[in-house]
Amino acid sequence: MKRLLSGNEAVAHGAWEAGVRVAAGYPGTPSTEILETLARFPHVYAEWSPNEKVALDVAIGAAYAGRRALATMKHVGVNVAADAFMYVAMTGMEAGLVIVSADDPSMHSSQNEQDNRQYAKFARIPCLEPADSQDAKDLTIAAFDLSEQFDTPVLLRMTTRICHTSTPVEVGARRQEYPPLIDKYPRNPAKYVMVPANARKRHPIIEHRLEELAAYAETFPFNRVEMRGRALGVITAGVAYQYAREVFPDASILKLGMTYPLPQKRIRDFAGRVDRLIVLEELDPFIEDQVRLMGVKLWPERVLYPHTKSIFPITGELNPAIVRESAVAAGLLPEPQAGEKQVVRGEDQAESPQPLPAGLKIRGNGHLDLPARPPVLCPGCPHRGVFYILHKLKVPVNGDIGCYTLGVVPPLSAIHTTGCMGASIGVAHGAAVAGDKERHVAVIGDSTFFHTGIPALLNVAYNRSNVITIILDNRTTAMTGHQANPGTGRTLQGKETREIEIESLVRALGIDEVVTIDAYEVETIEKTLKRWLKQDGPAVLVAKHACALLPEERKKYVSLQVDPNVCNGCTICFRIGCPAILKSDKLDPKYHRPLAEIDPLLCTGCEICARVCPRDAISFRDQVLHLHYDP
Amino acid sequence: MEFHQTVPMNDTASSPSKSLPSLNILLTGVGGQGTILASNIVAEVGVALGYDVKKAEVHGMSQRGGSVVSQVRWGRQVFSPIIPPGEADYLIAFEKLEALRALSYLRPGGQIIVDPHAIPPVTVTSGDAHYPEDETIQVQLARITPHVHWIPGVAIAEELGNAKAANVVLLGAFSALLNHDPDLWLGVIRQRVPEKYRELNEQAFARGRDLILTGPR
């Protein structure tokens, strides 16, 4: 039966059909839905681990115990898990282990654009790359088989377009119930205890394994030649295969399901069957570099882009338009003729016979200057009040990864550094011990604190720096879609569990100055922070309130109102950057400033605007409820 | 208001793959408007019609009140999940500023279904940016195509008691433009929405359909 599945759902189906027993990961766009889907299948244990390193260790333990295991993460998660990634490449396992890296070309939701195929080469393990959802399912199954056949973990490298594109997939039953491949946990120190003496013996083994994998790649069924014309040959993989089919319909194609190690004989053979050979791939010249190193002549011999990529951009996602334009620029495709040129783009004012209407401007690139719609903290977001106060206090704020990174967006403009998961506290500590004269603040979410914030806060406590840490505890992993974490009291598979209480955890780390305040209580938060700014030593504020999008919170929504007779358009409520607060058409009679008004469809009744309003022009929840029930 | 009795099966004009007739549908809106749910329905309808289908969207940070774009391609064999600029046959916009923002994707002469509903972005509400006037939007859309269908989805859905059903009003209009059997769509919609909202969504779908088939009442 064919079903429309996203690439992520297809990986989950593939893992299940292949008999996976244990799956672990940490949520991260674009990887999250793999585990969410797999968690609903029977006979599978699936968990959100606190971070990707723990997740990979968990999957490795399961594979050591002879059960097929899967670890899922976004590309930067592999950095967190890299230590485990490298040792398991050395030890191998007793049963199949597949590590999914969901890369994010164009950084739709990421801090960098790394091409994780490089990790496969780095660790000497195979890399498989699907080109659509069917491929994702098939290659997941193939990855488990390959893993066991060669005693190696396998990297399944996805990208945003594969993860989040839905295409038809033939779904099937679990191939069989896989019993554990061993009776007893291995007692094999030469293979599994990587002390130097053992590790030195393992290294030649994995180099030899790589040679065997390269030989196997020649017959790997997902490396496939599609012969059409001989004028142009394209070596391609992943979503780029789709662009190759669309832009070069007459070209012959070598589609690689395995991009490391490469099938050298097949590549040489393919090169001999076409006049011009090119490589079409997203991001790094990963295949291209290897093919050039083989001494195979690629067209053109000159290189257009920096580094070594000859035709297509090294940054950003590809799409058919970019592939076509790059091919034209390189002289591979003819310039489009005037008649067939499709430049009639909506934003292209140069083509416009119409005069420009009032209120619209044209930017330098000839496009209409439309008001941007950046992502913002939602109405009712419990993070908003903290950032409003931090902005007001003008302190340096080191941020972290989550919805709350949006505290950087004007008018809040309250984050000054953000690098990676868990970085906020360490970076603030570094600035403090360097003797920076300002008092440094670290802002980190609850799930991020569990992920990698705990050791950094332990460091602040142990080495006594003057860092104020604010843990934005919204009781969920919000950014990726409300996944469970150690603070939520439930697991990925819906079991009730111990709900970790952050304040006592912080005390146990060695910090005495710690308070928990409801995140909507902006006055108390301001008072506390002002007091701490005058004293020395580590301090931690847990700003706690559940994410406004959680079902329990939605039930409490009440829309507040602005009294137009009291509001004088002072603009202070606009400075909290709430999408529910609008500039009305009415002007204040004295100052002629637009009055504030509240969108009843968007307002949740969090009261932050009411609390910051100096004229008490905005109703509180009780007042609104009172008006409603006792008119 | 335009009336169409045939399913347009346009070759993607600038693509060399002329032998592969396809229909490219771009859906756009603001995070929280149900753009992705609507695109799921459109994709499933394509499958039910026997098409090869690809549906592409981007999750994550962009969803927090930002612009949301979802792309659906129906065809005999679909390769790229992304619709190249100027090659969308239909633009379905749940918010009118987003229609303007996504306009570069529409092929000249393509069809636009747009909700006159406005959601001002924060750059307008707490910044200095200006939300374009209706006339501006109309003029810009008309530069690319005469086929612009204004469907007040939010207004109709509010009348029916739940603004969230606005996306299904526009899908009803879309199904009428394609001259499809409504039961085909309703079958997919029933599978995709909770039981308690079934009647609401059926009404919303019918209202959108009627606007195309009989004009505004």
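**Two chains, one shared sheet**

Modeller: In this predicted model, helix α3 (residues 52-64) of chain A packs against helix α5 (residues 82-91) of chain A at an angle of about 25°, and their axes are 8 Å apart.

Colleague: Roughly parallel or oblique, that pair α3(A) and α5(A)?

Modeller: Roughly parallel. Angles under 35 degrees count as such, and therefore α3(A) and α5(A) get that label.

Colleague: Which residues make the contact?

Modeller: From α3(A), they are Lys53(A), Leu56(A), Asp57(A) and Ile60(A). From α5(A), they are Asp83(A), Ala84(A), Phe85(A) and Val88(A).

Colleague: And by class, how many are charged?

Modeller: Three charged. The contact of α3(A) with α5(A) also has five nonpolar residues and no polar ones.

Colleague: Switching to chain B. At what angle do α1(B) and α7(B) pack?

Modeller: About 130°. Helix α7 of chain B covers residues 182-192, and its axis lies 9 Å from that of α1(B).

Colleague: What does that make α1(B) and α7(B) to each other?

Modeller: Oblique, therefore. The crossing of α1(B) past α7(B) is right-handed.

Colleague: Which side chains should I click on for that contact?

Modeller: On α1(B), pick Leu37(B), Asn40(B), Ile41(B), Glu44(B), Val45(B) and Ala48(B). On α7(B), pick Leu184(B), Trp185(B), Val188(B), Ile189(B) and Arg192(B). By class, the contact of α1(B) with α7(B) has eight nonpolar, one polar and two charged residues.

Colleague: Now the sheet. What is the strand order?

Modeller: β1(A)-β8(A)-β2(B)-β3(B)-β1(B)-β4(B)-β5(B)-β6(B). That is an open sheet of eight strands with mixed pairing.

Colleague: Which are the edge strands?

Modeller: β1 (2-6) of chain A and β6 (148-150) of chain B. Each pairs on one side only. On average, neighbouring strands of this sheet are turned by 20° against each other, direction ignored.

Colleague: What packs on the sheet?

Modeller: Helix α7 (residues 133-150) of chain A does, touching β1 and β8 of chain A. Its direction makes about 60° with that of β8(A).

Colleague: Where the chains meet, in what sense do β8(A) and β2(B) pair?

Modeller: Antiparallel, over two bridges. β8 of chain A spans residues 165-170. Ser166(A) has Lys55(B) as its bridge partner in β2(B).

Colleague: And how do β4(B) and β5(B) run?

Modeller: Parallel, joined by five bridges. Tyr90(B) stands opposite Gln111(B) in β5(B).

Colleague: Back to the chain contact. How many residues does each chain put in?

Modeller: Chain B gives 58 residues and chain A gives 51 residues.

Colleague: Which elements of chain B supply at least two residues there?

Modeller: On the side of chain B that touches chain A, they are α1 (35-48), β2 (52-57), α2 (96-101), β5 (106-114), α3 (122-125) and α4 (134-144). The residues on that side of chain B divide into 29 nonpolar, 19 polar and 10 charged.

Colleague: What are the model scores?

Modeller: ipTM is 0.88 and pTM is 0.93. Chain B averages a pLDDT of 87, with 87% of its residues at 70 or above.

Colleague: Which element of chain B has the lowest mean pLDDT?

Modeller: α3(B), with 83. The highest among the elements of chain B is strand β4 (residues 88-93), with 98.

Colleague: And where in chain B is the pLDDT below 50?

Modeller: Over residues 1-20 of chain B. Beyond near neighbours in sequence, that stretch has 33 contacts in the model.

Technical notes:
Residues are numbered from 1 along each chain as its sequence is written. Chains are lettered from A and ligands numbered from 1 in the order in which they are written. This is a predicted model: local features need pLDDT of at least 70, side-chain atom pairs count only at pLDDT 80 or more; totals for chains, interfaces and linings use all residues. Two residues are in contact if their C-beta atoms, placed from the backbone, lie within 7 Å. Helices (H or I, at least four residues) and strands (E, at least two) are DSSP runs, numbered from the N terminus. Ala, Val, Leu, Ile, Met, Phe, Trp, Tyr, Cys and Pro count as nonpolar, Asp, Glu, Lys and Arg as charged, and the others, Gly among them, as polar. Two strands pair if DSSP finds at least two bridges between them. pLDDT is the predictor's confidence in each residue, from 0 to 100. Axes are lines fitted to C-alpha atoms, for helices over the stretch in contact, and angles run from 0 to 180 degrees between N-to-C directions. Angles under 35 degrees count as roughly parallel, over 145 as roughly antiparallel, 65 to 115 as roughly perpendicular and the rest as oblique. A crossing is left-handed if the near helix is turned anticlockwise from the far one by less than a right angle, and right-handed if clockwise.
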